[in-house]
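User: I'm new to this one. Could you show it to me and walk me through a few of its labels?

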Amino acid sequence: MARRHDDDESEDGRNDKRERERNHRHEDGYSRRGAIDDETGRGSHRDSKEDKETRDGRERRRDHRREHGRRERDSEDGYRDRDRYSLRDSQYEYERASHKRSEHSRTNDDRHDRWRYDDRDVSPRKDSKKDREVYKGRNTPTDNDKEGRDGKKDDGSKAEQTTLREGNMNTDAPNLGRSGGVYIPPFKLARMMKDVQDKSSVEYQRLTWDALRKSINGLVNKVNATNIKNIIPELFAENLIRGRGLFCRSCMKSQMASPGFTDVFAALAAIVNTKFPEVGELLLRRIVLQLKRAYKRNDKPQLLAAVKFIAHLVNQQVAHEIIALELLTVLLENPTDDSVEVAVGFVTECGSILQDLSPKGLHGIFERFRGILHEGEIDKRVQFLIEGLFAIRKAKFQGYPAVRPELDLVEQEDQLTHEISLQEDIDPEITLDIFKPDLQFVENEKRYEELKKTILGDESEEEEDSEEGSDDGSDEESEEEDEEQMKIKDETETNLVNLRRTIYLTIMSSVDFEEAGHKLLKIKLEPGQEMELCIMLLECCSQERTYLRYYGLLGQRFCMINKVHQENFEKCFVQQYSMIHRLETNKLRNVAKFFAHLLGTDALPWHVLAYIRLTEEDTTSSSRIFIKILFQELSEHLGIRLLNERLNDPLMQDSFESIFPKDNPKNTRFSINFFTSIGLGGITENLREYLKNMPRLIMQQQQQAVSETEETDEDSGSSSASESDESDSESSSESDSSSSDRDRDRKRSKRRRRN
């Protein structure tokens, strides 16, 4: 290598000297051009040729040094993470450079130039004298270079090319490179794996390693909240013990690319952690190491991704809550705008579970947030973030659940929690991401097959039972499937949306209500869709700036035609009054006038007014405005005298008791005052008389109550008197005799006094 660099430097020096001499000749001036015209012409042609060769040589050497330096850096890092096309691209660049070199200078030296890679090291391997000579003579192209670098000879090289394309496993395994070599289609890869006889060979292990890596990456990339239950069996079917490093790397890369799916990847890791705890621990260690590196480098995007991943692992109880509190302590120890923002996002994600697992620790974190907020040294934007976090805490983290219901797939007693500190040294075990030959490859694969059967055994047995049952009753299932196919339910409500659009366009495009009614009656409505017609008619009426009598006449026409529409408008009245507080004033006015028109024309029965209860407690400002406009429109349409007759109809008094209450003097006065204030005091005459006579009525009611109680007492006293008649008759004779004796004594005393 040193000798080759020295040769390159000497050649660069010679080329620079030639270029200086050529420039010196060009700068001599115009005086000597006439004398040496022919000589300078030949020299310029020679110099241009040499200049072109020097530029090509410099480009080749620069590309080679850049490629060699990149490979040495990759070797020092030790982390073999290159796309499968990187090696092919570098080979293509090298072949293009060599092809340019072969066009300019050709020699008869029969030496072939080939670049070799070792599985364990990326640096060029110089294991023999022949290799060193080839490496040294790379700048001298050969006849083979002239014919092509990829073996496209006209004679004996075609056999070698055929064997390589057919995928002969006897070729050099190191040529595959770190990323698996040149891309091989899946069907050829499967055929190559079948052709291999020795299942424990290094070549076969490399093929299975590449297939495992691609399978794990594909499964992790396509997982989401809806298909995670289907992905899990496919993931356990792969050898996760051998590919645990690949699984962790794929999860971290996918989460970094799409942080919105972090909870999905955390749920996937939680499920794998129940069966393979070492995989969950390895993933947690790598994420913590990524967090520490990002924190030291001030890499905010990577730090946010790592913090979010740890938060959801805490939610899934894969990571202990102590790491969350420790991380928050580190972020808030020396608060900056970025660190406080990261901490706010972290507490938002996992605050719900921290409130349950460690309420005192979370309280301490919020006290620290409060102190930072009071200090006021951070940016206003971050202060607003902290205030929003306190609002979320006050709402008990509503809208930020720890685990979504569709991702809550692991029972709490089955989960294994790992406790890792930010202060301890962490080994990421990067070597697990790199292919290594396994001396006990076949035995380990058999062990994992047995383990896979224990994990997925229930599902496989159910599949076998279902297959046996399907053989017995295939005819019945086919009939049931045909019936299910016939029953198609539209969950998107496309037909309903199209129906509403048709009704709306028909209403808005008609000249008058008769034309609109004629067109709407032609629309084929399925049973149960009549309500949509009434709803759309009322909705169109409410959207107008002012009330149009067109809608009232159209609604009246439908109520007169079919009783079903009348019942639907009654339901609409009840529904609109219950949600009247949601309507704007303009919509409220249009709706009230629409129903007033239906009531005034007797298209709608008056017993719907029983739903209105006119009291101070049961009404709101919106409902009072609705009642006001409704009765004012009725009085204008019918007149105050006819309206009063309708309201005093003895057959309808039960329906009007809620509007004219007589249960309580307070409610009665409220009703009288309401109608008087809107200019309809004439309809409250009966109610006023009732309120005037209410004290006398109350006295009569009290007297009736007292008389009823006396009657009950007399009834009870008569029964007791009949029982005591006999005793009274016996004692009456005694009392008479005693009274006669007393009279005699009195007469005697009077006579004595007179004497």
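Analyst: Sure, starting with a nonpolar surface patch of about 290 Å², made by Y504, L505 and M508. This is a predicted model, where local features need pLDDT of at least 70, side-chain atom pairs count only at pLDDT 80 or more, and totals for chains, interfaces and linings use all residues. Residues are numbered from 1 along each chain as its sequence is written, and side-chain values use heavy atoms, with hydrogens and water left out.

User: What makes Y504, L505 and M508 a nonpolar patch?

Analyst: A patch takes residues with over 30% relative accessible area (Shrake-Rupley, 1.4 Å probe) and no salt bridge, joining nonpolar side chains (Val, Leu, Ile, Met, Phe, Trp, Tyr) within 5 Å and like charges within 9 Å. Tyr, Leu and Met are on that nonpolar list, so Y504, L505 and M508 can count as one patch.

User: Why is the link between E234 and K222 called a salt bridge?

Analyst: The term needs a side-chain nitrogen of Lys or Arg within 4 Å of a carboxyl oxygen of Asp or Glu. For E234 and K222 the closest N and O atoms are 4.0 Å apart, so the pair qualifies. The structure holds 19 salt bridges.
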